[in-house]
Amino acid sequence: MSQARDRQIEIIKQRLLRQSKPRLQVSLLLLITGFAGFLTSFLLLHVGVTRMWVRYPVVILISYVVFLLMLRIWLWFRGRSLDLDLDPPTPDLIVPDVGTFDEGVGFSGGDAGGGGAGGSWAESTSSSTSVSSGDSSGSEVFAVDFEEGCLILIAIVALIAGALACFYVIYIAPALLAEILVDGVLVAGLYRRVRNIEQRHWLLAAVRRTLAPAMLAAVFFAFAGWGLQKAVPEAHTIGQVWKHVTRIDE
């Protein structure tokens, strides 16, 4: 049963790669997820959650729930586009024609433009830790001591690591979408004749493939928030840290 399921997933994966741009679709889903994270961070900040090392992992976890919801919506659109009555019966499996999915489905086109969730929270994450002395009229002067610089540099590394955990989800997108599609149409009963294939709920596959990256991102962002708060205790956002680090001498 497991071999039949794996074979089915591989068939769908290859068709998605040829016809549906699965990594682009997951990038779009992550872009929407990132926007949800932006709003979550904004709301938490304005209700008094000012500690970045507390707020950021909460934002990641809430965003992860939103991402699972986006996968469910994607699966709903894909399931509606299936027309299995047109598939010829086979002794074992009916393979859905993924090639028909592109018509009328909003997720298959467009330019998502780098939809990783790592850098889309309420503050921009452009930072520098170089220290300069003297005055330069009209130019940015970086005013951090050695300890602050080290903490901010470590935080930047943690932020990058968290972003890479998110990009990993884009990398595995073909296998992820293929598996939840196979499981989704099986559980929904869209296959008319199925034998010798194991049925699982789509959410199990989605969580199994994406929970570890989400947890790693939460840990890295919490560590980054701690480092930034330690370096600049009065700052509540990455933007405020940047304003502290850089000064414009007018």
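The secondary structure of the chain comprises seven helices and two strands. The model described here is predicted. From the N terminus onward, the elements follow the order α-α-α-β-α-α-α-α-β. The chain has 250 residues, and 45% of them are buried. When contacts between residues at least 6 apart in sequence are considered, 82% of these join residues at least 24 apart. The surface exposed by the chain amounts to about 12800 Å², of which carbon and sulfur atoms supply 62%.

The interior was examined next. In soluble globular proteins, nonpolar side chains tend to be buried together. In this model, the largest nonpolar core contains 27 residues. Within this core, the residues with the most contacts are V26, F67, L71, W74, L177 and I180. Six helices each supply at least two residues of the core: α1 (2-19), α2 (22-46), α3 (52-81), α4 (146-171), α5 (173-187) and α6 (202-231). Helix α5 provides the largest share of this core, with eight residues. The surroundings of L177 illustrate the packing. With neighbours within four places in sequence left aside, L177 is in contact with L16, P22, Q25, V26, L71 and W74. A second core, separate from this one, has 22 residues, among them Y56, L159, A218 and A235.

Residue L68 belongs to helix α3. Its relative accessible area is 14%, and since the limit for a buried residue is under 20%, L68 counts as buried. Beyond residues up to four places away in sequence, L68 touches W202, L203, A206, V207 and T210. The C-alpha atoms of L68 and T33 are 9.3 Å apart in space, while the two residues are separated by 35 residues in sequence.

Helix α5 also contains D183. This residue has a relative accessibility of 0% and therefore counts as buried. Apart from neighbours within four places in sequence, the residues in contact with D183 are R5, R200, H201, W202 and A205. W202 is thus a contact of D183 and is also touched by L68.

A search of the whole structure gives two salt bridges. In one of them, the side chains of R208 and E179 meet with an N to O distance of 2.5 Å. R208 lies in helix α6 and E179 in helix α5, so this pair ties together parts of the chain that are 29 residues apart in sequence. E179 also forms a salt bridge with R209, in which the closest N and O atoms are 2.6 Å apart. This pair likewise links distant parts of the chain, with E179 in helix α5 and R209 in helix α6, 30 residues apart. E179, R208 and R209 are joined into one network by salt bridges that share partners. The relative accessibility of E179 is 1%, so this residue counts as buried. R209, by contrast, has a relative accessibility of 25% and therefore counts as partly exposed.

Helix α7 covers residues 238-245, and its buried residues are I238, V241 and V245. These residues span an arc of only 55 degrees around the axis, which puts them on the same side of α7. The geometry of a helix bears on this arrangement. An α-helix has 3.6 residues a turn, so residues three or four places apart point the same way.

At the surface, a nonpolar patch of about 590 Å² is made by W53, V54, V58, I62, I154, F223 and W226. Two elements, α3 and α6, give two or more residues to this patch. The largest share, four residues, comes from α3. V54, one of the residues of the patch, lies in helix α3. With a relative accessibility of 31%, V54 counts as partly exposed, because the partly exposed class runs between the buried limit of 20% and the exposed limit of 50%. Helix α3 therefore contains both the buried residue L68 and the partly exposed residue V54.

Conventions. Residues are numbered from 1 along each chain as its sequence is written. This is a predicted model: local features need pLDDT of at least 70, side-chain atom pairs count only at pLDDT 80 or more; totals for chains, interfaces and linings use all residues. Side-chain values use heavy atoms; hydrogens and water are left out. A nonpolar core is a set of buried Ala, Val, Leu, Ile, Met, Phe, Trp, Tyr and Cys residues joined through side-chain atoms within 4.5 Å. Buried means under 20% relative accessible area, exposed over 50%, partly exposed in between (1.4 Å probe, protein chains only). Contact means heavy atoms within 4.5 Å. The arc is that of the directions from the helix axis to the C-beta atoms. Accessible areas come from the Shrake-Rupley method with a 1.4 Å probe; for residues, only the protein chains shown count as cover. Patches are made of residues with over 30% relative accessible area and no salt bridge: like charges are joined within 9 Å, nonpolar side chains (Val, Leu, Ile, Met, Phe, Trp, Tyr) within 5 Å. A salt bridge is a side-chain nitrogen of Lys or Arg within 4 Å of a carboxyl oxygen of Asp or Glu.
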